[in-house]
Amino acid sequence: MSRPEFAERNPKTVRGFLRATAKGWAWAANNPKRAMDVMVDAKPSLAQSRKMGVFKIKYTTNNLVTGDNGRWGWQRPKSWNTVSKALFRTGVVPKTGVRAAWTNDFLDTKYEYIESYEGHVESGR
């Protein structure tokens with residue numbers, strides 16, 4: 001999540017962050033237990049929910065990371081309408097229109113881990 005003003009002033013930074021995150025998700029999708037080990041090393045308190053963390057990585061990989069077009073991170077308006085309602089209701093973000101809050105404009109759709117994310121993830125994860 002980024003503030004619109006930051007993204008507008010720093011589009012290269014936002015695109016770079018998204019490229020790195022896509023590559024990291026591909027690695028985590030192929031190595032969910034090792035990915036959780038990395039997170040536990042960074043924050044030891046996560047050890048108590050390690051099994052749930054591995055489950056979340058697998059669930060997210062299989063259900064939330066790719067859009068209808070197979071690209072990593074592509075935002076589906078219907079999904080974000082649902083998510084945004086929960087974020088607004090809990091006060092995580094101020095209430096605003098979904099189109100104003102979420103955009104695909106900063107996704108580097110030619111970057112291999114975004115354009116063909118599913119090709120980098122082993123089947124049967």
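**Legends to close-up views of the predicted model**

**View 1. Asp 108 counts as partly exposed, at 23% relative accessibility.** The coordinates shown here and in the following views are those of a predicted model. Asp 108 is joined to Arg 19 by a salt bridge in which the closest N and O atoms are 3.2 Å apart. The pair ties together parts that are 89 residues apart in sequence, because Arg 19 belongs to helix α2 whereas Asp 108 lies in the loop between α6 and α7. Arg 19 also counts as partly exposed, with a relative accessibility of 27%. Side chains of opposite charge can pair when their charged atoms come close. The structure holds two salt bridges; the other partners appear in View 2.

**View 2. A salt bridge is formed by the side chains of Arg 50 and Asp 37.** The N to O distance is 2.5 Å. This pair links distant parts of the chain, with Arg 50 in helix α4 and Asp 37 in helix α3 (residues 32-42), 13 residues apart. Arg 50 is partly exposed at a relative accessible area of 28%. Asp 37 is likewise partly exposed, its relative accessible area being 33%.

**View 3. The buried residues of helix α2 are Val 14, Leu 18, Ala 22, Ala 26, Ala 28 and Ala 29.** When the helix is seen down its axis, these buried residues fall within an arc of 165°, so they line one face of α2. Lys 12 and Phe 17 are exposed on the other side of α2. The helix comprises 20 residues (residues 11-30), which at 1.5 Å a residue should span 28 Å. The C-alpha atoms at its ends are 29 Å apart, in agreement with that expectation. Arg 19, the salt-bridge partner of Asp 108, lies in this helix.

**View 4. Gly 53, Val 54, Ile 57, Thr 60 and Thr 61 are buried in helix α4.** These residues cover an arc of only 130° around the axis, which puts them on the same side of α4. The exposed residues Lys 51 and Lys 56 are carried by the face of α4 turned away from its buried side. From first C-alpha to last, the 14 residues of α4 reach 20 Å, close to the 20 Å expected at 1.5 Å a residue.

**View 5. Met 52, Phe 55 and Tyr 59 make a nonpolar surface patch.** The area of the patch is about 330 Å². Phe 55, one of its members, is located in helix α4 (residues 50-63).

**View 6. Helix α5 has Ser 84, Leu 87 and Phe 88 as its buried residues.** The arc they cover around the axis is only 90°, which puts them on the same side of α5. Exposed residues Lys 78, Thr 82, Lys 85 and Arg 89 occupy the face of α5 turned away from its buried side. The helix (residues 77-89) has 13 residues, and its first and last C-alpha atoms are 18 Å apart, close to the 18 Å expected at 1.5 Å a residue. Just after α5, Gly 91 adopts a positive phi of about 80°.

**View 7. Leu 107 and Lys 110 are both found in the loop between α6 and α7.** This loop runs between α6 (98-101) and α7 (112-115). Leu 107 is buried, with a relative accessible area of 10%, whereas Lys 110 counts as exposed at 65% relative accessibility. The C-alpha atom of Leu 107 is separated by 7.7 Å from that of Gly 73, although these residues are 34 residues apart along the chain. For Lys 110 and Arg 71, 39 residues apart along the chain, the C-alpha separation is 9.9 Å.

**View 8. The rings of two tyrosines, Tyr 111 and Tyr 113, form an aromatic pair.** With ring centres required to lie within 6.5 Å, the count comes to two aromatic pairs. The ring centres of Tyr 111 and Tyr 113 are 5.7 Å apart and the ring planes stand at 45°, so this pair is tilted. Tyr 113 is buried, its relative accessible area being 17%.

**View 9. The complete chain has seven helices and zero strands.** Along the sequence the pattern reads α-α-α-α-α-α-α. Of the 125 residues of the chain, 30% count as buried.

Notes: Residues numbered from 1 in each chain as written. Predicted model: local features only at pLDDT ≥ 70, side-chain atom pairs only at ≥ 80, totals over all residues. Heavy atoms only, no water. Patch = residues over 30% accessible without salt bridge, like charges linked within 9 Å, V, L, I, M, F, W, Y side chains within 5 Å. Areas by Shrake-Rupley, 256 points an atom, 1.4 Å probe, with all protein chains shown as cover. Salt bridge = Lys/Arg side-chain N within 4 Å of Asp/Glu carboxyl O. Helix = DSSP H or I, 4+ residues; strand = E, 2+ residues; numbered from the N terminus. Phe/Tyr/Trp six-rings, centres within 6.5 Å; stacked < 30°, edge-to-face > 60°. Buried < 20%, exposed > 50% of the residue type's maximum accessible area, 1.4 Å probe, protein only. Expected span 1.5 Å × (residues − 1). Arc of directions from axis to C-beta.
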